[in-house]
There are 2 protein chains.
Amino acid sequence: MADQPEKRGVTFREIKSDLLERIAAGEWAADGIVPGEVELAAEYGCARATVNRALRDLAEDGVVERKRRAGTRILAQPVRKARFDIPISRTEIEATGARYRYALVDRAIVEAPGWLRARLALDRGARVLHLTCMHYGDGAPFQFEDRWINLSALPKAESQNFEAQGPNEWLVETVPYSDAEIAFSAIGASPDVAEHLSCDPNTPLFRIERTTWWQDVAITHVALMFRPGHRMTTRY
Amino acid sequence: MADQPEKRGVTFREIKSDLLERIAAGEWAADGIVPGEVELAAEYGCARATVNRALRDLAEDGVVERKRRAGTRILAQPVRKARFDIPISRTEIEATGARYRYALVDRAIVEAPGWLRARLALDRGARVLHLTCMHYGDGAPFQFEDRWINLSALPKAESQNFEAQGPNEWLVETVPYSDAEIAFSAIGASPDVAEHLSCDPNTPLFRIERTTWWQDVAITHVALMFRPGHRMTTRY
DNA sequence: ATTGCCTTTATGTCTAAGCATAATGGTGAT
DNA sequence: ATCACCATTATGCTTAGACATAAAGGCAAT
């Protein structure tokens, strides 16, 4: 049923898509366990590493689940995994061909409010830099940024005025590769945000919140509110 | 600078995180090109395949970009890639420990409206199945589902009444592995949706829209409106 | 100057073989 | 019966070597 006796080896892509078809056809639906790598390699007439690569790919796509010794199990209800690019606002705007403009709205050094202390695991009385900024595309409001930077983790931020360059870009340059937690949600525009985005208060806005760590110490927390009607899209 | 002369081989994970550190430290920031695989393999004292695995992983994470012959380039403004699990509502609700309940609100076979024809590339006068459903967690409204199914692509759907099983689960069983486009946005609750989600009209709701194809023919389009305050979270 | 071809080169992938590791299931002692 | 330990086994990872392929850059003919 799956026989590719090419002289040149079978590719892991071929194996992957063949396996996908066979899974979709329900070939192993019974107990949900796929034959072992050795068996599949024999069947496809290739090395085990090639089957391994195909199965590893399928596992990354969320089609199967692999556990040592237990074998490769087909997920009954595949958890499809969508991938999103998280661009910085300049890139996102310029990708549409629009002219990007940045503006600092407000800058203040304050004691971290309770909700932020909890979120970033800060000490009582920790000082944070609070920035609010606007990002425009072709002059029209695109995104409102409400950012908090942990000054004890990133004292350099205190000497930045963020008038010319947005904190997002500065942070990407300064702390480029960090861990992050990201959350998507909807929120009504507060009067202040509504003003900046030129919309009515309580207009539903798409919001991204992101908390960023570097080696387990919290660096920054940001809420990004997009102009009304913004859609974030991907294919998978 | 990077010297792991262990007797047992260096792992690709070690190489990956070491490379990340070196990239973050700006070691090759100048022209943005990382040494070739052979060179790195010599430096780490491991096989090229191991370096390859590490670099491939970094490329998948959006840290570097790899091109044949051209080498491995560090992305100046790394497009970080977040991965989201797209669960079906039953799974999502049961994962919180809540009791799941499904209800069909409405079912009708209609001519596809213009916006849907455009989106799914349907012929004029194409018939579609329009379903609206509710998903509850511990009796409380969780998600409102507004689904359209292309009957010419999936005639089997017509004989389903969807009273006991939601269309999402049925589709996952029936057309398991398909292509999809997904979009996140915010929208105000329509009076109808507000009623079902027990909230006020115009309450900001997080919305997921998904269009699904199987072999280039559109199967279904769905809009999922979540209860107020819903957050969709991931780490990366 | 432009076009087309050819060489070089770095990544992409496959093979064959081996050791590592985690989970399972059985065995034996208490 | 219970629990600690050990053997088994499927996946996870590394090695060393080879061929494939795409892209860059140079060379040559137009």
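Of the atoms of DNA strand C within 4 Å of the protein, what share belongs to sugar or phosphate? Keep that in mind as you open this predicted model; the first stop has the reply.

**Stop 1: DNA strand C**

Select DNA strand C and show the protein around it. Sugar or phosphate accounts for 73% of the strand's atoms within 4 Å of the protein, and bases account for the rest. You should find 24 residues surrounding the strand. The closest come from both chains: Thr11(A), Phe12(A), Arg13(A) and Thr50(A), along with Arg66(B).

Now colour those surrounding residues by class. The surface near DNA strand C holds 12 charged, seven polar and five nonpolar residues.

Next, zoom in on some individual contacts:

- Pick Arg53(A), where an N or O atom of the side chain is 3.1 Å from a phosphate oxygen of DNA strand C.
- Move to Arg68(A), which has a polar side-chain atom 3.3 Å from a sugar or linking oxygen of DNA strand C.
- Cross to Glu37(B), where a polar backbone atom is 2.8 Å from a phosphate oxygen of DNA strand C.

Switch to the cartoon view to see which elements these surroundings belong to. At least two residues each are supplied by α1 (12-24) and α3 of chain A, and by α3, β2 (64-67) and β3 (71-74) of chain B. α3(A) provides the largest share, with four residues.

**Stop 2: DNA strand D**

Select DNA strand D next. Here 25 residues surround the strand, and the closest are Arg66(A), Thr11(B), Phe12(B), Arg13(B) and Thr50(B). Within 4 Å of the protein, 74% of the atoms of DNA strand D belong to sugar or phosphate, with bases making up the rest. The class colouring gives 13 charged, seven polar and five nonpolar residues on this surface.

Which part of DNA strand D is 3.0 Å from an N or O atom in the side chain of Arg48(B)? Zoom in on Arg48(B), and you will find a base nitrogen of DNA strand D at that distance. Then pick Thr50(B), where a polar side-chain atom lies 2.4 Å from a phosphate oxygen of DNA strand D. Arg69(B) is also worth a click: one of its polar side-chain atoms lies 3.3 Å from a sugar or linking oxygen of the strand.

Back in the cartoon, the elements giving two or more residues to this surface are α3 (48-60), β2 (64-67) and β3 (71-74) of chain A, plus α1 (12-24) and α3 (48-60) of chain B. α3(B) gives the most, with four residues.

**Stop 3: Glu14(B)**

Stay with chain B and select Glu14(B), which is located in helix α1. Is Glu14(B) buried or partly exposed? Its relative accessible area is 37%, so Glu14(B) counts as partly exposed. Follow its side chain, which reaches the backbone nitrogen of Thr11(B) at 3.0 Å. For a sense of scale, draw a distance from Glu14(B) to Arg80(B): these residues are 66 apart along the chain, and their C-alpha atoms are separated by 20 Å.

**Stop 4: the two domains of chain A**

Colour residues 12-74 of chain A as domain 1 and residues 89-226 as domain 2. The centres of these two domains, taken over C-alpha atoms, are 43 Å apart.

**Stop 5: helix α6 in each chain**

Inside domain 2 of chain A, select α6, residues 167-174. Six of its eight residues are buried, so this helix is largely enclosed by the rest of the structure. The buried ones are Pro167(A), Asn168(A), Glu169(A), Trp170(A), Leu171(A) and Val172(A). Show their surroundings, and the covering elements include α4 (89-95), β5 (100-111) and β6 (127-137) of chain A.

Now select α6(B), which is mostly covered, with six of its eight residues buried. Among the buried residues is Asn168(B). With a relative accessibility of 6%, Asn168(B) counts as buried. Leaving aside neighbours within four places in sequence, Asn168(B) is in contact with Ile88(B), Ser89(B), Glu145(B), Arg147(B) and Arg210(B).

**Stop 6: where the chains meet**

Finish by showing chains A and B together. Here 51 residues of chain A are in contact with 51 residues of chain B. The area buried between the chains is about 4,800 Å², with carbon and sulfur atoms giving 51% of it. On the chain A side, select Arg83(A), Tyr177(A) and Tyr236(A): they lose the most area to chain B, together 16% of what that side buries.

Note on methods
Residues are numbered from 1 along each chain as its sequence is written. Chains are lettered from A and ligands numbered from 1 in the order in which they are written. This is a predicted model: local features need pLDDT of at least 70, side-chain atom pairs count only at pLDDT 80 or more; totals for chains, interfaces and linings use all residues. Side-chain values use heavy atoms; hydrogens and water are left out. A residue is near a molecule or strand if one of its heavy atoms lies within 4 Å of it. A polar contact is a pair of N or O atoms within 3.5 Å; within protein, one must be able to donate a hydrogen and the other to accept it, and residues adjacent in sequence count only if both atoms are side-chain atoms. Ala, Val, Leu, Ile, Met, Phe, Trp, Tyr, Cys and Pro count as nonpolar, Asp, Glu, Lys and Arg as charged, and the others, Gly among them, as polar. Buried means under 20% relative accessible area, exposed over 50%, partly exposed in between (1.4 Å probe, protein chains only). Contact means heavy atoms within 4.5 Å. Domain bounds come from an automatic or database domain assignment. Buried area is the accessible area (1.4 Å probe) that two parts lose on being put together, summed over both.
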